[in-house]
Amino acid sequence: MLLKPAHTLDEIRENCSPKPLNKENLGSFFVATDEARDERSNLRQRLSDLLNRQDTTKRLLVYGHRGCGKSTELNRLKEDLGNRWFIVSLSILDFTNGIGIKAEDILLAVAVALFEQAGAPGLNLPVDDSHLADVHAFFNDVTETEVAQRMAQVRIGAGAGAKDGSLWDSLIGLSAYFRSELKFATDSNRSAVHKVRQRPSELSVAVNLLIEAIQSGLDRAGRRLLLVVEDLDKLMLADAHEVFVRNGKLLGDLNTNAIFTIPIFTFYSPDADAIRAYFDEDVHFQMVKVVDLEGQLAKGYEVLKQIVRKRVAPEVLDDIALDLLIRRTGGVLRHVFDTLQTASAFSNLRHERISRDDIRFALNKVRDNLGVQIGWPRDKDGNGRDPKDLYHRLAEIALAQSEKKRVPPQNDPFVQVLLQSGALIEYNGERWLGVHPLAREFLTALGHPVGADPYGP
């Protein structure tokens, strides 16, 4: 059933969730954005071409700004690929708290997702126990003995084709235990997660044997396995270095087709080539441009207008308010929807439509949150560093942008931190760095000169 644009404030909150579009609302709200990003680079087509090469297995990285629409595009890709693929998707944030993540944690989360999704009730995927003896031995060994014995008896109705007491059933039973350990027990030296972290090579072998077992069942139906691991682009600087640089080989050695999201700032460091050495391809998902380097409205302005109008009718959000929303969010879709959520809640206290003042109120909230995020990572002792030098660097880039000067991508720790915060945005075309319009407002409030605002009033 196609969903309609919102005509009430309650419907706005339903239609304008910051979460990615999924199979329930893709058909209603999806808007092609390729022309507003980079006409020469279609993310889904590029990924599809790489994956559909029958003679190769690809481990792919997808990078772009947080909130730029990557997950929605990946959900659309899953639909495009069709039933020839068995797609196992997971968000690392569903398994962990997103802090202090190790590459081993990601492999363990992949294993749990494989157990759960390949063993889903009714799937009837034949998994041969002869492939699983070493897998079972490893995962059983890293649990407490009494827990392993208890969990091995758990039936999740699953094991497509599996018999009572099979290794497959036992592993599916253990998966619930590992999911809980990942979420709640990563800091304990007695946890299964801690034990797994001490044995990365064995974990890698076990997960690849699990993949082999599942793929052998898929081969009978002429299907291929694809892993999609999302929200790794939300890792902080130190965690991203740990996962993709120090231990990138663990992910790159997965013996199946796989897509991993990765933070954009990782490609603004000397580590970029080291990361690329572990993976087969990296694919850049460009930002939507609201204005171009000359300060003129770009194609992205109309695309964003179309995205919002698919979800919100003019009767509750007029074009004047919409213009302010588009210009001040700078092409960051997450901020568009965060603003609409806040504005609709605020407006509901006073009237039944969103005014320009409501949008301005909500933008101020986003601006303040964005400003707080501009800061250096804390050191190992938890000590912070004064962010004033970051403000100065951001103001320099803002001035250059107002003077229509191209600030190119560069290997720079300041740029890395500013990209992580969301205050700095890399735009497509010739690839240039621009300051988020709300970050410009934040700098202005602090007294930094930033020049004429290219995004307009």
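## Charges over rings

A charge is said to sit over a ring when NZ of Lys or CZ of Arg is within 6 Å of the ring centre and within 35 degrees of the ring normal. In this structure, which is a predicted model, the charged end of R385 is placed in this way over the ring of W376, at a distance of 3.9 Å from its centre. A further case involves R76, which lies over the face of F30, with 4.4 Å separating it from the ring centre.

## Aromatic pairs and a cluster

Aromatic rings also meet one another here, and the structure holds 12 aromatic pairs. For F115 and F139, the ring centres are 5.7 Å apart and the planes stand at 80°, and because planes over 60 degrees apart count as edge-to-face, this pair is given that name. F115 belongs to helix α6, while F139 belongs to helix α7, which covers residues 133–141, so the pair ties together parts that are 24 residues apart in sequence.

Both partners are hidden from the surface: F115 counts as buried at 1% relative accessibility, and F139 is likewise buried, with a relative accessible area of 1%. F115 and F139 also belong to one aromatic cluster, which they form together with F138, W168, Y177 and F178.

## The nonpolar core

Which residues have the most contacts inside the largest nonpolar core? They are F139, F244, L340 and I359, and the core that holds them has 148 residues. Helix α6, which runs through residues 103–118, gives the most to this core, with 12 residues.

The surroundings of I359 can be followed residue by residue in the structure. When its neighbours within four places in sequence are left aside, I359 is in contact with L317, A321, L324 and L325, and also with T339, L340, A343 and I354. One of these partners, L340, is itself among the residues with the most contacts inside the core.

## Cysteines without a partner

How many disulfides does the structure contain? The count comes to zero. C16 is in no disulfide, since a disulfide needs two cysteine sulfur atoms within 2.5 Å, whereas the nearest cysteine sulfur to that of C16 belongs to C68 and is 18 Å away. Seen from the other side, C68 is in no disulfide either, and its nearest cysteine sulfur is that of C16, at 18 Å.

Are these two cysteines buried or exposed? C16 is buried, having a relative accessible area of 1%, and C68 also counts as buried, at 1% relative accessibility.

How values were computed:
Residues numbered from 1 in each chain as written. Predicted model: local features only at pLDDT ≥ 70, side-chain atom pairs only at ≥ 80, totals over all residues. Heavy atoms only, no water. Core = buried A, V, L, I, M, F, W, Y, C linked by side-chain atoms within 4.5 Å. Buried < 20%, exposed > 50% of the residue type's maximum accessible area, 1.4 Å probe, protein only. Helix = DSSP H or I, 4+ residues; strand = E, 2+ residues; numbered from the N terminus. Contact = heavy atoms within 4.5 Å. Phe/Tyr/Trp six-rings, centres within 6.5 Å; stacked < 30°, edge-to-face > 60°.
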